[in-house]
Amino acid sequence: MKHFKSVIALTVICAVIAVLLAVTNSITAPIIEKNASAAANEALLVVYPDGGDFTQVDISTFELPATVTEVGLNAFLNCTSIIRLDWHPEKLSSGAAGSMESPAFKGCTSIAEVRIYEEVINIPSYLMYKSSKVAELKGVGTLKFMSGSQARSVGDYAFYQQKIGKVTFPATIVKIGMESFRNNNWLTIINFGTGTQNIGQFAFAYCNGLVTVTIPGNVQTVGAYAFRRCSKLETVVIEEGANYLSSYVFANCAALKEVRLPASLTKINGGLTYESSANIYYYEGTYADQYLHSKSARIVKETLVSLGEYVPA
């Protein structure tokens, strides 16, 4: 009988404890869940993880917080609701302090505007590389460097195969990376900044909306095939001050009618146009004159037009 009473007492105690635990859990579970959610959200203010974590998230305007130091590979994969990307974290663009594994925004087919704010120093390579098939992009996009921009470089392949209609580079941009704007068939206007010194190879190749290109004198180097196969390109003006053109900068530009070379050129490495019937204007007694009349120029269909001797303005 004593044992039976002991069992009953233990059962009652266990039942009471179970009830108390259930009550405690009902009170603490929401708090724990809330804290866990807060911790996760706080973590996202530092690191956006790999792997399409935002595929189903409805984000129309996304502002990358200034606290973020890392964005994982394909973090926003196929997030088709993003219309505008506002980007101005300093740490993300500083190299050693942070990173963006690209293409972070692959498959974001609705992005119509990218705003680069003043804190961004370097635009990462592959930022929006082949973010989708061009046919899937839903409109001609805009790339804006906001007032006070301190951006100094555009990474390789950063805006490869996008629908960007116009690019105006701020004076702070020094380098435009390799293939950074390649295959932008909707690109019709490029305004280079007064600080731009280097245009990478294939940087604007296959940009079939371009009709006129003016390369300012502050550009010291234009990479190989930088404007290759820009099928509608008709007029190229390279202003005084420019020094070096790499191989076939304007190769296979079938519509090309006019290329104006400055007296300041000191080197053209290989051919210049190729498969073009353009008139090429040059000043007598300059490097361009010497080059164009050498075998290196590979002049076939082009017509050489002398501008006489160069007279500084």
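**View 1. Valine 236 finds its bridge partner in the next strand.** In this predicted model, valine 236 is matched up with valine 259, its bridge partner in β18. Zoom out a little and you'll see the two strands involved: β16, covering residues 235–238, and β18, covering residues 258–260. They pair in the parallel sense, over 3 bridges.

**View 2. Five strands make an open sheet.** Here β16 and β18 show up again, as members of an open sheet of 5 strands. Read across it and you get the order β14-β16-β18-β20-β21, with parallel pairing. Which strands stand at the edges? They are β14 (212–215) and β21 (303–309). Each has a single partner strand, so one side of each is left without a neighbour in the sheet. Ignoring direction, neighbouring strands here are turned by 15° against each other on average.

**View 3. Seven strands make another open sheet.** This one also has parallel pairing, and its order is β7-β9-β11-β13-β15-β17-β19. At the edges sit β7 (122–123) and β19 (267–268), each pairing on one side only. Take a look at the β7 edge: 2 bridges join β7 to β9 (residues 153–154), and the two run parallel. Isoleucine 123 has valine 154 as its bridge partner in β9.

**View 4. Meet the largest nonpolar core.** How many residues does the largest nonpolar core have? It has 56, and those with the most contacts inside it are Phe169, Phe204, Phe227, Phe250 and Leu261. Several elements give two or more residues to this core, among them β6 (113–116), β8 (142–145) and β20 (279–284). The one that gives the most is α2, with 3 residues. As a rule of thumb, nonpolar side chains tend to be buried together in soluble globular proteins.

**View 5. Leucine 261 and its contacts.** Leu261 is one of the core residues with the most contacts inside it. Set aside its neighbours within four places in sequence, and leucine 261 still touches a whole list of residues, including Ile238, Leu245, Ile268, Leu272 and Ile280. The list also includes Tyr281, Tyr282 and Tyr283, plus Ala288 and Leu292.

**View 6. Serine 247 in its loop.** You'll find serine 247 in the loop between β17 (244–245) and β18. What lies 2.6 Å from a polar atom of its side chain? That's the backbone oxygen of asparagine 269. Leaving out neighbours within four places in sequence, serine 247 is in contact with Asn269, Gly270 and Gly271, and with Ala224 and Tyr225 too.

How values were computed:
Residues are numbered from 1 along each chain as its sequence is written. This is a predicted model: local features need pLDDT of at least 70, side-chain atom pairs count only at pLDDT 80 or more; totals for chains, interfaces and linings use all residues. Side-chain values use heavy atoms; hydrogens and water are left out. Two strands pair if DSSP finds at least two bridges between them. Helices (H or I, at least four residues) and strands (E, at least two) are DSSP runs, numbered from the N terminus. Axes are lines fitted to C-alpha atoms, for helices over the stretch in contact, and angles run from 0 to 180 degrees between N-to-C directions. A nonpolar core is a set of buried Ala, Val, Leu, Ile, Met, Phe, Trp, Tyr and Cys residues joined through side-chain atoms within 4.5 Å. Buried means under 20% relative accessible area, exposed over 50%, partly exposed in between (1.4 Å probe, protein chains only). Contact means heavy atoms within 4.5 Å. A polar contact is a pair of N or O atoms within 3.5 Å; within protein, one must be able to donate a hydrogen and the other to accept it, and residues adjacent in sequence count only if both atoms are side-chain atoms.
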